[in-house]
Amino acid sequence: MAPSSDMETFGKVLASSKSLAILAGAGLSAASGIPTYRGAGGLWRTHDAMSLATPEAFEDNPSLVWKFYHERREKAITALPNAAHKALASLYLPMTLSRVAPSLDPSECPNPLFITQNVDSLSLRVLSESSLNLPEAIQAIARESLLEMHGSLFRLRCTECERDYRDYSSPLSEILAEATERHSESGEDVEVPVDKLPRCGDGHPDSCGGLLRPGVVWFGEVPEHLDQISNKLDHCDLLLIVGTSSTVYPAAGFADIVKGKGGKTAVFNLERSSGDRRADFLFIGPCEETLPQALG
Ligand code: BV8
Ligand code: ZN
């Protein structure tokens, strides 16, 4: 049966949902100026972005991979959450939740569960943004509910001692900033020696000086929070699928899991995608417009 695009019917299904989950992809942050993977953003300089998001690429040329992530970090840190981020975050406001999803099971925490494939941490940031002025207690619940299954550009992990911590410094490294600057000015590809790349320590007492890597999940690595995600999908009765081409696994298989257990799916995308073939609802358009309508 073709998916419905009727907002009113969707509103009724949302109002009767007892266990809600959201799966987000790069389209959620497109309106914030963060390039998607399959749009123009799929290419970084002369490289296919996906080919740089692997442990092998980092092993092979950590300097090139760090330049790639440094640029994305700097772009994400200056990006602002958009109306779609805010519409999703408003689900953590009790009054919004009681209005749009009054049937959620209060004993199930967190409910809704927000799973993002994005590494820009914009969804995390919007939770602590003053524009939503979420009380601290709600912010804490919301942060618990937000699973960055592919990690974050703002996490660093030491390749030696495995220390894993958040770092929002900008720039993370002067020499990477300079290399980026020179490339954007003259196209020059400045080599950054490995011993000048971000190192474990940099002012932290318990540091080992090992080479740091971006705290993201690369292809071939196991995504994070999979147990919590599969527990949720086991009884999720409505999955909102926002701004994803549904091409990267295991996230691309979440819709089928929910459908297979009798749940419903609602896709919010600019265009048709492989994630909507069995969708119950399909809202074609920019999610920064369709989500505020659907959750408003
Ligand atoms: C795993 C972090 C095992 C890094 C990312 C061979 C070898 C090894 C693995 C595999 C293999 N073959 C297949 C695999 C599995 C592989 C995979 O799926 N490959 C694909 C390419 C076939 N997956 C993995 O390797 C995963 N790990 O399988 O481990 C395992 C699994 C389970 C249990 C135990 C072991 C790890 C995958 C994670 C990779 N890391 N990111 C970084 O970012 O640098 S993936 C990265 O790409 C994103 O995180 C995201 O997941 C994906 C991009 O997808 P989207 O977010 O959907 O973005 P995209 O640009 O594609 O689409 C944007 C959509 O938005 C479009 O539909 C567009 O229409 C829409 N849109 C645009 N604007 C808007 C909009 N919609 C609404 N409004 C708008 N305004
Ligand atoms: Zn270390």
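Leaving aside its neighbours within four places in sequence, with which residues is H150 in contact? In this predicted model, those residues are T116, Q117, V119, V216, V217, P223 and V248. H150 itself is placed in the loop between strand 5 and strand 6, the latter spanning residues 151-158. With a relative accessibility of 11%, H150 counts as buried, because the cut-off for that class is under 20% relative accessible area. According to the UniProt record, an unreviewed entry, the annotation "active site" covers H150.

H150 also takes part in the surroundings of ligand 1, since a polar side-chain atom of this residue lies 2.8 Å from an oxygen atom of the ligand. The backbone of the protein contributes as well: a polar backbone atom of G220 is 2.7 Å from an oxygen atom of ligand 1, and a polar backbone atom of L270 is 3.3 Å from a nitrogen atom of ligand 1. Of the 1,500 Å² of accessible area that ligand 1 has on its own, the protein covers 75%. In total, 35 residues surround ligand 1, and the closest of them are Y37, R38, Y69, S245 and Y249.

Strand 6, which follows the loop of H150, contains S152. S152 is buried, its relative accessible area being 0%, and its side chain is joined to that of R166 by a polar contact of 3.5 Å. When neighbours within four places in sequence are set aside, the contacts of S152 are with V119, S121, R166, G215 and V216; V119 and V216 are also listed among the contacts of H150.

Two helices illustrate how buried residues are arranged on one side of an element. In helix 1, which comprises residues 7-16, the residues F10, V13 and L14 are buried. These residues cover an arc of only 100 degrees around the axis, and therefore lie on the same side of helix 1. An α-helix has 3.6 residues a turn, so residues three or four places apart point the same way. The buried residues of helix 1 pack against strand 1, helix 7 (94-100), strand 9 (238-242), strand 10 (264-269), strand 11 (281-284) and helix 13 (287-295), whereas the face turned away from the buried side carries the exposed residues E8 and K12. At the start of this helix, a side-chain oxygen of D6 reaches to within 3.0 Å of the backbone nitrogen of E8.

Helix 11, formed by residues 226-233, has I229, K232 and L233 as buried residues. Their arc around the axis is only 95 degrees, which means that they are found on the same side of helix 11. The cover over these buried residues includes strand 1 (20-24), strand 4 (113-116), strand 5 (146-148) and helix 12 (254-260). Strand 1 thus appears both in the cover of helix 11 and in the packing of helix 1.

The loop between strand 8 (212-216) and helix 11 holds H225, a residue that has a positive phi of about 65 degrees although it is not a glycine. H225 is partly exposed, with a relative accessible area of 35%. A positive phi, near 50 degrees, is also found for S246, likewise a residue other than glycine. S246 belongs to the loop between strand 9 and helix 12 and, at 9% relative accessibility, counts as buried.

The loop between strand 9 and helix 12 is also the place of P250, which is joined to Y249 by a cis peptide bond with omega of about 0 degrees; Y249 is one of the closest residues to ligand 1. A cis peptide bond, with omega near 0 degrees, also leads from S170 to P171, and P171 lies in the loop between strand 7 (164-166) and helix 10 (174-186).

A further loop, between helix 2 (27-30) and strand 2 (43-44), contains I34, which counts as buried at 15% relative accessibility. Beyond its neighbours within four places in sequence, I34 is in contact with S29, K75, A76, A79, D120 and L122. I34 and T180 are separated by 146 residues in sequence, and their C-alpha atoms are 17 Å apart in space.

Conventions: Residues are numbered from 1 along each chain as its sequence is written. Chains are lettered from A and ligands numbered from 1 in the order in which they are written. This is a predicted model: local features need pLDDT of at least 70, side-chain atom pairs count only at pLDDT 80 or more; totals for chains, interfaces and linings use all residues. Side-chain values use heavy atoms; hydrogens and water are left out. Buried means under 20% relative accessible area, exposed over 50%, partly exposed in between (1.4 Å probe, protein chains only). Helices (H or I, at least four residues) and strands (E, at least two) are DSSP runs, numbered from the N terminus. The arc is that of the directions from the helix axis to the C-beta atoms. Contact means heavy atoms within 4.5 Å. UniProt positions are given in the numbering used here, feature names are shortened, and annotations may be inferred rather than shown by experiment. A residue is near a molecule or strand if one of its heavy atoms lies within 4 Å of it. A polar contact is a pair of N or O atoms within 3.5 Å; within protein, one must be able to donate a hydrogen and the other to accept it, and residues adjacent in sequence count only if both atoms are side-chain atoms. Accessible areas come from the Shrake-Rupley method with a 1.4 Å probe; for residues, only the protein chains shown count as cover.
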